Amino acid sequence: MKRRKRSSRWPPGPTPLPLLGNLLLLDIKNPHKSVQDLEKKFGPVFFLQIGWRNMVILSGFKMIKETLGQKPEEFIDRPSIPLMKLLKRGKNCEGIGFAQCSNGWKEQRRFFVSLLKNFTMGKKTLEERVSGEAGYLCSEFKSKEGSPFDPQNLLCRAVGNILCSLAFGDRFEYSDNTFLKLMHVIEEFLKEVTRNLPQFIDTGSWWLSLFSGPHHKLQKQYGNISIILKEMVNEHKKTRDPTFPRDLIDAFLDEMDKAKGKPDSSFNEQNLINILIDVTVAGTETSSSTLLWGLLSMVNHPEVQKRVQEEIDEQIGRVRSPMIEDQLKLPYTCAVIHEIQRYADVLPFANPYMVHRDTEIGKFVIPKETVVLLHLSSVLKDETVWEKPHEFYPEHFLDADGHFVKREAFLPFSLG
Ligand code: HEM
C-alpha cells in the first residue's frame, strides 16, 4: 500500500512505530479497553496505524449517527482483510460479514435478509422454530430439578439449533454427535479469532504470512468446520426438491442453478460454505452471550424479574408461549429485553468499513482506503445519552407513563 504524508486535517492519534504502527498500544486480551483509553486522550475520531493499515475509530452516538447518517454511501464497503484469503475467501466468494461490494456483498445481503423475512422453512416459520427451541431449553433447565448448573453450554446449543434450523432445515438433539462437533469447532474458531484479533487485522499480508502463527491454527479450524458443512451440503444435493426449498442450503442451491453461466455470480459452492460459517459464527456467540447476560440480570435484579413475570402472566398467561405480536402488550418486558442488550454490549465494534475516497468527518478528512471502525460500546454506554449508562436500568426504555420508548442510541446491531 502506498503511504501518504499525514495531512493537517487527518484526525489525531498516537505516533506510529515503523512496521508495527500502533499495534503495541492495543491490549491483545482487551482491545476494547485500549480503544476506550485512546478515546479519552484523542476524542471521538482518532487515527491508528495497525501494521501498514490506516484506521480511524469513531465513537459516541453523536459522531457515529452524524457520520453514517449523513454519508451512508461512504460506509458500505469492507476492507480487504488478507487473512480472509487464507480462509478460502476470494473473488466472488467472500461470504457476507466481511465481503466487499465488488465481491457479491449486496447479492448475498439481499439473499440473506429475504430468507429471514420470507422463508417458512419446511412447514414452520422462523418464529415457531424459535419458540419450539425455547421449549426444549426450558425442559433441559427443568430436568436439573433445582440443582446448580452452568447454563452457558445449553444456551449455546439452543441458539445454535435455531441457526441449524435456518441453515440445515432441522434442529439436532442436544446430545447429537455431529451437532456437538460443529458447536465445538465453531467455539474453538471464535476463541482463536478473539484471542488474536489485533494481529488478524493485518495477518496474511505478505510479510506476516511468512511466519508461523495463530493464523495457521485458524486455517486448520476453518478447514474442520468446512468439512462438516460440506457433508451437509452434499446430503442436501441428494435429497432436495427444487420446488420446495427446506432451508438456507436448498435456497442457495436454487440460486446456484439460476446463476449457471454467470461467472461473476457469488452463488457458488465455496461461497455457500463461507456464508454458512458466517451465519453460524455471527449468530451463535452474540445471541447466546446476550441470553446469558439476560439470566444474570434477572438473578441480580429479582424485583425486575418479578415485574416481568407478572406482566407476562397477566397478558399472556402460562398456557401458551409469547409471540412477536404480543410485544405491544408487554412494554415493561420489552424495555427489560432492550436494556439487557444495551447493558450486555456483546459486540464492542461493528465489522470494519473502508472509505473509497478522502471523506470529511466534521473538521477532519479521512484519507482514501482508510479502515473505519465504529465503537458500538461507546454508543450503548454513552454518558451524554443514557441516564445511567453503567447500570442496569430498564427505565431507559420507558416513558413516564410506563410505555415502551425506542431510543436512537440503541445500536447493538450498528446502523445498517
Ligand atoms: C444479540 C445478537 C446479535 C448482535 C448483537 C449482532 C450484532 C451484529 C453487528 C454489530 C454486526 C455488524 C454490522 C455492521 O458492520 O454493519 C452484525 C453483522 C451480521 N450479523 Fe449479527 N448480531 C446478532 C445476532 C445475529 C444472528 C442471530 C445472526 C444470524 C441469523 C446474525 C447474522 C449477522 C450477519 C450475516 C452479519 C453480516 C451482515 C452484513 O455484513 O451485511 N447476527 N451483527
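**Figure 1. Buried and exposed faces of helix H4 in the predicted model.** Five residues of H4 are buried, namely Trp105, Gln108, Phe111, Phe112 and Leu115. They lie on the same side of H4, because the arc they cover around the axis is only 135°. In an α-helix, residues three or four places apart point the same way, because there are 3.6 residues a turn. Arg110, Lys117 and Asn118 are exposed and occupy the face of H4 turned away from its buried side.

**Figure 2. Surroundings and span of helix H4.** The cover over the buried residues of H4 includes helix H6 (152–168), helix H10 (248–258) and helix H11 (269–300). H4 itself comprises 14 residues, 105–118, which should span 20 Å at 1.5 Å a residue. The C-alpha atoms at its ends are 20 Å apart, in agreement with that expectation.

**Figure 3. The open sheet of 4 strands.** The strand order is S1-S2-S6-S3, and the pairing is mixed. Strand S1 (45–50) and strand S3 (353–354) form the edges, each pairing on one side only. The antiparallel contribution includes S1 and strand S2 (residues 53–59), joined by 6 bridges. S2 and S6, in turn, pair in the parallel sense over 5 bridges.

**Figure 4. The S1–S2 hairpin and bridge partners of S2.** S1 and S2 form a hairpin in which 2 residues separate the strands. Gly51, located in the turn, has a positive phi of about 60°. Across the antiparallel pair, Phe46 has Ile57 in S2 as its bridge partner, and Leu48 stands opposite Met55 in S2. Towards S6, Val56 has Val372 as its bridge partner.

**Figure 5. Burial of strand S2.** S2 is mostly covered, with 7 of its 7 residues buried. Arg53, Met55, Ile57 and Ser59 point one way from the strand, whereas Asn54, Val56 and Leu58 point the other way. Side chains in a regular strand alternate between the two faces of the sheet. In S2, the residues pointing either way are all buried.

**Figure 6. Helices H1 and H2 lying across the sheet strands.** Helix H1 (residues 31–42) lies across S1, S2 and strand S6 (371–375), and runs at about 130° to S1. Helix H2 (residues 61–70) lies across S1, S2, S3 and S6. The direction of H2 is at about 115° to S2.

Methods: Residues numbered from 1 in each chain as written. Predicted model: local features only at pLDDT ≥ 70, side-chain atom pairs only at ≥ 80, totals over all residues. Heavy atoms only, no water. Expected span 1.5 Å × (residues − 1). Buried < 20%, exposed > 50% of the residue type's maximum accessible area, 1.4 Å probe, protein only. Arc of directions from axis to C-beta. Contact = heavy atoms within 4.5 Å. Pairing = 2+ DSSP bridges. Axes fitted to C-alpha atoms, helices over the stretch in contact; angles between N-to-C directions.
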